[in-house]
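This briefing sets out the main features of the structure shown below, grouped by topic.

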Amino acid sequence: MPFTPYHLGPSGFLALVFRKWIDLPVFVLANVVVDIEVLVIGILDLGWPVHRYAHTLLLGAAVGIAWAIAAYPLRNIFAALMQLIRLPYRTSLWKMIISGILGVWLHVLIDSVYHFDLRLFWPNKKISLHRMIVRHLGYKNDEPLKDRIEIACIILLLAAVTLYVLVVNLPSAKKSPRASSRS
Ligand SMILES: [Zn+2]
């Protein structure tokens with residue numbers, strides 16, 4: 001996807017739904033980290049398709065693991081940020097690794113439908129989910145598909161915001177005894 005913000009919808013929504021098992025900051029930020037590849041290839045003008053190695057299941061998993069290991073020392077910062085947005089946060093290295101891998105995989109899965117140059121199953125360079133879906137839907141070009149994905153991402157962003165508002169206002173989130181001790 002050209003702009004990482006589109007990934008905020010699906011990643012934010014899923015991270016909130018599975019927040020007990022997923023490290024939300026690691027999962028969501030994995031979606032930003034993996035797009036560094038696009039920037040680097042673009043800026044250095046390497047002449048490769050911009051979605052090359054990190055945007056694959058195989059090397060994307062490695063990127064997710066590397067990101068989780070790099071993020072592990074930052075866990076106290078994440079905890080403070082999560083407290084700021086009033087979401088409970090408990091993590092471990094394993095939780096971060098799983099979240100890093102799944103975050104990157106979600107990103108590359110969406111990108112593989114959106115972008116023609118992405119080869120999800122690299123080193124197999126022949127299978128293109130994008131091409132298969134465009135053909136399957138009988139589109140003449142990929143614009144209608146891209147439009148649909150963008151709309152789905154925006155809908156998921158709205159769903160994520162709604163879910164967030166619900167989660168922080170759940171009775172269990174307000175259990176703090178000080179909240180009711182106004183005098
Ligand atoms: Zn991307």
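In this predicted model, the axes of α1 and α6 approach within 10 Å and cross at roughly 140°. The two helices α1 and α6 are therefore oblique to each other, and their crossing is right-handed. On the α1 side the contact involves His7, Pro10, Ser11 and Leu14, which meet Gly103, Leu106, His107 and Ile110 of α6. Classified by residue type, this contact of α1 with α6 comprises four nonpolar, four polar and no charged residues.

**Packing of α4 against α6**

- Helix α4 spans residues 57–71 and helix α6 spans residues 93–114; their axes come within 7 Å and cross at roughly 140°.
- An angle under 35 degrees would count as roughly parallel, one over 145 as roughly antiparallel, and one from 65 to 115 as roughly perpendicular; the crossing angle therefore makes α4 oblique to α6.
- The crossing in which α4 passes α6 is right-handed.
- From α4, the contact draws on Leu57, Gly60, Ala61, Val63, Gly64, Ile65, Trp67, Ala68 and Ala71, and these meet Met96, Ile97, Ser99, Gly100, Ile101, Gly103, Val104, Trp105 and Val108 in α6.
- By class, 13 nonpolar, five polar and no charged residues make up the contact of α4 with α6.

**The nonpolar core**

- In soluble globular proteins, nonpolar side chains tend to be buried together.
- The largest nonpolar core here has 32 residues, of which Phe27, Ala30 and Val34 touch the most other members.
- Two or more residues of this core come from each of α1 (5–17), α2 (24–33), α4, α6 and α8 (143–168).
- The greatest contribution to this core is that of α6, with ten residues.
- Leaving aside residues up to four places away in sequence, Ala30 touches Gly64, Trp67, Gly100, Gly103, Val104 and His107.
- Two of these partners of Ala30, Gly64 and Trp67, also take part in the contact of α4 with α6.
- Two others, Gly103 and His107, also belong to the contact of α1 with α6.

**Burial of α2 and α5**

- Helix α2 is largely enclosed by the rest of the structure, because eight of its ten residues are buried.
- The buried residues of α2 are Leu24, Pro25, Val26, Phe27, Val28, Ala30, Asn31 and Val33.
- The cover over these buried residues of α2 includes α1, α3 (36–44), α4, α5 and α6.
- Helix α5 (residues 75–84), by contrast, is hardly covered, as the count of buried residues among its ten residues is zero.
- Arg86, just after α5, takes a positive phi of about 60°.

**Overall architecture**

- The protein contains eight helices and zero strands, and along the sequence it follows the pattern α-α-α-α-α-α-α-α.
- Taken along the principal axes, the C-alpha atoms fill a box of roughly 65 × 35 × 25 Å.
- Of the 183 residues of the protein, 32% count as buried.
- Among contacts between residues at least 6 apart in sequence, 68% join residues at least 24 apart.

Technical notes:
Residues numbered from 1 in each chain as written. Predicted model: local features only at pLDDT ≥ 70, side-chain atom pairs only at ≥ 80, totals over all residues. Axes fitted to C-alpha atoms, helices over the stretch in contact; angles between N-to-C directions. Helix = DSSP H or I, 4+ residues; strand = E, 2+ residues; numbered from the N terminus. Left-handed = near helix turned anticlockwise from the far one by under 90°. Contact = placed C-beta atoms within 7 Å. Nonpolar A, V, L, I, M, F, W, Y, C, P; charged D, E, K, R; others polar. Buried ≥ 20, exposed ≤ 12 C-beta atoms within 10 Å, placed from the backbone. Core = buried A, V, L, I, M, F, W, Y, C linked by C-beta atoms within 7 Å.
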